[in-house]
Amino acid sequence: MDDKKMEELIETISLVFADFMDDGESPTLIASVMFAVAIKQLRLNLDDEDFYAILDEIKNTEMLTDEWEQAIQDTKRTVH
């Protein structure tokens, strides 16, 4: 994917995110759904080794730890 296509994809996803925010949806929930879709697509399109390598990389990112735990708590509150 070249830079132009990547920028187009980022803009499209940002607009979808903004539309749901405008409808009053939780930013955490929107991002969680987008993340879940991304993970599902990775699972469908990668072999086991590559898929689990990416998951390990995500889990090992300390920067995401607090946000991930908060997203899980928000999702649990929304579901229950």
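Is Asp-56 buried, partly exposed or exposed? The answer is given in point 6, after the helices that surround the question have been described.

1. Overall architecture. The structure is a predicted model. Its secondary structure comprises 4 helices and 0 strands, and the order of elements from the N terminus is α-α-α-α. Of the 80 residues in the chain, 6% are buried. The chain has an accessible surface of about 6800 Å², and carbon and sulfur atoms account for 58% of that surface.

2. Helix α1. This helix covers residues 3-22. With 20 residues at 1.5 Å a residue, α1 should span 28 Å, and its end C-alpha atoms are indeed 28 Å apart, so the two values agree. Just after α1, Gly-24 adopts a positive phi of about 90°.

3. A nonpolar surface patch. Five named residues deserve attention here: Met-1, Met-6, Leu-9, Ile-10 and Ile-13 together form a nonpolar patch on the surface, with about 510 Å² of accessible area. One of them, Ile-10, is located in helix α1. The relative accessibility of Ile-10 is 51%, and the limit for exposed is over 50%, so this residue counts as exposed.

4. Helix α2. At the start of α2, Ser-26 places a side-chain oxygen within 3.2 Å of the backbone nitrogen of Thr-28. The helix itself takes in residues 27-45. For its 19 residues, at 1.5 Å a residue, the expected span is 27 Å, and the end C-alpha atoms of α2 are 27 Å apart, which agrees.

5. Helix α3 and its N-terminal end. Helix α3 consists of 12 residues, numbered 48-59. The expected span is 16 Å, and the end C-alpha atoms of α3 lie 16 Å apart, so here too expectation and model agree. The N-terminal end of α3 is capped by Asp-47, which has a side-chain oxygen 3.2 Å from the backbone nitrogen of Glu-49.

6. Salt bridges. The count of salt bridges is 2. One joins Asp-48 to Arg-43, with 2.7 Å between the closest N and O atoms. Both partners are partly exposed: Asp-48 has a relative accessible area of 45%, and Arg-43 has one of 33%. The other joins Lys-59 to Asp-56, with the closest N and O atoms 3.7 Å apart. Lys-59 and Asp-56 both belong to helix α3 and are 3 residues apart, about one turn of the helix. An α-helix has 3.6 residues a turn, so residues three or four places apart point the same way. Lys-59 is exposed, at 64% relative accessible area. As for the opening question, Asp-56 is partly exposed, with a relative accessible area of 37%.

7. The aromatic pair. How many aromatic pairs does the structure hold? There is 1 such pair. The ring centres of Phe-51 and Tyr-52 are 5.1 Å apart and the ring planes stand at 75°; because an angle over 60 degrees counts as edge-to-face, the pair is classed as edge-to-face. In general, a pair of aromatic rings is described by the distance of the centres and the angle of the planes. The partners have their own accessibility values: Phe-51 is buried, with a relative accessible area of 7%, whereas Tyr-52 is partly exposed, at 43%.

How values were computed:
Residues are numbered from 1 along each chain as its sequence is written. This is a predicted model: local features need pLDDT of at least 70, side-chain atom pairs count only at pLDDT 80 or more; totals for chains, interfaces and linings use all residues. Side-chain values use heavy atoms; hydrogens and water are left out. Rings of Phe, Tyr and Trp (its six-membered ring) pair if their centres lie within 6.5 Å; planes under 30 degrees apart count as stacked, over 60 as edge-to-face and the rest as tilted. Buried means under 20% relative accessible area, exposed over 50%, partly exposed in between (1.4 Å probe, protein chains only). Helices (H or I, at least four residues) and strands (E, at least two) are DSSP runs, numbered from the N terminus. The expected span of a helix is 1.5 Å times one less than its number of residues. A polar contact is a pair of N or O atoms within 3.5 Å; within protein, one must be able to donate a hydrogen and the other to accept it, and residues adjacent in sequence count only if both atoms are side-chain atoms. Accessible areas come from the Shrake-Rupley method with a 1.4 Å probe; for residues, only the protein chains shown count as cover. Patches are made of residues with over 30% relative accessible area and no salt bridge: like charges are joined within 9 Å, nonpolar side chains (Val, Leu, Ile, Met, Phe, Trp, Tyr) within 5 Å. A salt bridge is a side-chain nitrogen of Lys or Arg within 4 Å of a carboxyl oxygen of Asp or Glu.
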